[in-house]
Amino acid sequence: MSSYRAWFQCINPDCGAAYPLDAIVYHCQKCGSLLEVQHDLAALSARRPAAWMRLFENRYKANEWPYGSGVWGKKEWVLPEISDQNVVSLYEGGTNLFWAERFGKVIGLSDLWIKLCGNTHSGSFKDLGMTVLVSQVKQMIAGGAPIKAVACASTGDTSAALSTYCAAAGIPSIVLLPRGKISLAQLIQPVSNGALVLSLDTDFDGCMRLVQEITKDPTLYLANSMNSLRVEGQKTVGIEIVQQFDWEAPDVIVIPGGNLGNVSALGQGLLLMNRLGLIAKLPRIVVAQAERANPLYRSYLRNFETFEPIHAQKTLASAIQIGNPVSFQKAVRTLRQFNGMVEQATEGELADAAAMGDRTGMFNCPHTGVALAVLIKLLKAGEIDKAERVVIISTAHGLKFVEMKVKYHQGELEFPSRYANHPIELPARLDAIKDALGKVRPNTPGSALTDTGPHGAARQDRAWSAS
Ligand SMILES: *Cc1c(COP(=O)(O)O)cnc(C)c1O
Ligand SMILES: [Zn+2]
């Protein structure tokens, strides 16, 4: 067995109560604060930084199960006491980090990278945390815990990840979804995986309240990121990015935020590397929010002195349409530790930024669009320097959000689509095709990005339109 240890600990420094990882607790039972997983740092420090790097490199995408997984390759830092036979892994993590040369050129940033977390089993970065949570549940059930099912509230991606990992483990899952507020691709995932799918006439925040009620029954285990086991898996994204840069931290990481578990997870991974001596410098972290679901941004403007939950408005970035983020406090702590910033993007800005990225070879989900739009704004404002190395966390696969992309290109959104492109329907005749070939235009996505004019300024490449 491993000599490394981990436990739940209350995040309130005046309390510090601790609980074992197999306890069914989601809040501190003494003071009500959120919990986080703590590791035995003294034990982890006994291994030199270079030895950790070598270990992680040897495992990376290798075939020895389960260590080829991007999450389980870091098992000692994630969930050291789980036995390999209880790990439920679908080979998550290890996603590509690519140089966005062309998009970077257009916006004037030469060292821009995209961490494509959507290239994974269920199509979003939620797999990283869910493999950890479901593995721990499997271990608890094996140890005799009377858990009948695992439940979550979701804006679409958490339920997809939960249902697929539970199906792989043979554990029943229950998902509470806001009816009509998630994409069809997101809905069909838990349906296909055999989850109990509850589609409710409310929003995410309403589902979150209800799932907390039903999981007061200890036989129904809560899988939302309020459960900090999820954070332990999600934190590997930052570690993996640093590893992919040969153990050098970038200058800035931009991450879209909704319930705010992920920004703190990103911070936790980087802090652990820093404390164990693998990186000396910490990057700045930027949380990107949709203007229509921006409670963290509002609080940031007041230096986090106050926080008011809001009623989140309908946004194309549906996975972050959250008005009362559960992990608000953790996010604030992370942003303070990482000299962080929060910026927001309007519907038009996020959709155009996503589409503009697509024209440079990406295929963005709307949340990645929020992150790209925020990057453009901060670059223009001089908050990010053009010499800095910036990583955008692309959180989901664009194919999960085709409805939004179709509407964008058909011009059916409530704002003009600057980068709309239309398929041209033609008879299958050579003369008709030759006529249409005259419509080929240079692929120049950028000009509108660098102008500051109002949305929908007339653009030459409107000629792409079939009409
Ligand atoms: C969950 C999710 C986010 C936001 O993560 P939080 O931890 O809720 O802040 C962003 N993008 C996508 C695609 C997601 O599924
Ligand atoms: Zn406490």
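**Note on the cavities, the pocket and ligand 1**

1. The second largest cavity is lined by Gly93, Thr95, Lys115, Cys117, Thr120, Ser124, Phe125, Leu128, Thr236, Val237 and Glu240. This is a predicted model. The space in the second largest cavity comes to about 60 Å³. Helix α10, residues 236-244, gives the most to its lining, with 3 residues. By class, that lining holds 4 nonpolar, 5 polar and 2 charged residues.

2. Rolling a probe the size of a water molecule over the atoms shows where empty space is left. In this model the count is 4 cavities of 30 Å³ or more. The largest cavity has a volume of about 280 Å³.

3. What takes up the space of the largest cavity? The answer is ligand 1. The cavity is found over the protein atoms alone, so a space filled by a ligand can still be listed as a cavity.

4. The lining of the largest cavity consists of 26 residues, and those nearest its centre are Lys126, Asn259, Asn262, Ala319 and Ile320. Two helices, α6 (157-169) and α11 (261-275), each supply at least two residues of this lining. The largest share, 3 residues, comes from α11. Sorted by class, the lining has 10 nonpolar, 13 polar and 3 charged residues.

5. Around ligand 1 there are 15 residues, of which Lys126, Asp157, Gly258, Asn262 and Thr395 come nearest. This shell divides into 6 nonpolar, 7 polar and 2 charged residues.

6. Which atoms of ligand 1 lie close to polar side-chain atoms of Lys126, Asn262 and Thr395? For lysine 126, a polar side-chain atom is 2.7 Å from an oxygen atom of ligand 1. For asparagine 262, a polar side-chain atom is 2.8 Å from an oxygen atom of the ligand. For threonine 395, an N or O atom in the side chain lies 2.8 Å from a nitrogen atom of ligand 1. On its own, ligand 1 has 380 Å² of accessible area, and the protein covers 97% of that area.

7. The largest pocket should be read separately from the cavities. Its volume is about 410 Å³. It is lined by 20 residues, and the closest to its centre are Lys314, Thr315, Leu316, Met404 and Lys407. Helix α16, residues 402-409, gives the most to this lining, with 3 residues. The pocket lining divides into 8 nonpolar, 5 polar and 7 charged residues.

Definitions and conventions:
Residues numbered from 1 in each chain as written. Chains lettered and ligands numbered in written order. Predicted model: local features only at pLDDT ≥ 70, side-chain atom pairs only at ≥ 80, totals over all residues. Heavy atoms only, no water. Near = heavy atom within 4 Å. Polar contact = N/O pair within 3.5 Å; in protein donor to acceptor, adjacent residues only side chain to side chain. Areas by Shrake-Rupley, 256 points an atom, 1.4 Å probe, with all protein chains shown as cover. 1 Å grid on protein atoms, 1.4 Å probe; cavity = no way out; pocket = protein on both sides within 12 Å on 5 of 7 lines; lining within 4 Å. Sits in = over half its atoms within 2 Å of the grid points. Nonpolar A, V, L, I, M, F, W, Y, C, P; charged D, E, K, R; others polar. Points joined across faces, edges and corners; volume = space filled by probe spheres on them. Helix = DSSP H or I, 4+ residues; strand = E, 2+ residues; numbered from the N terminus.
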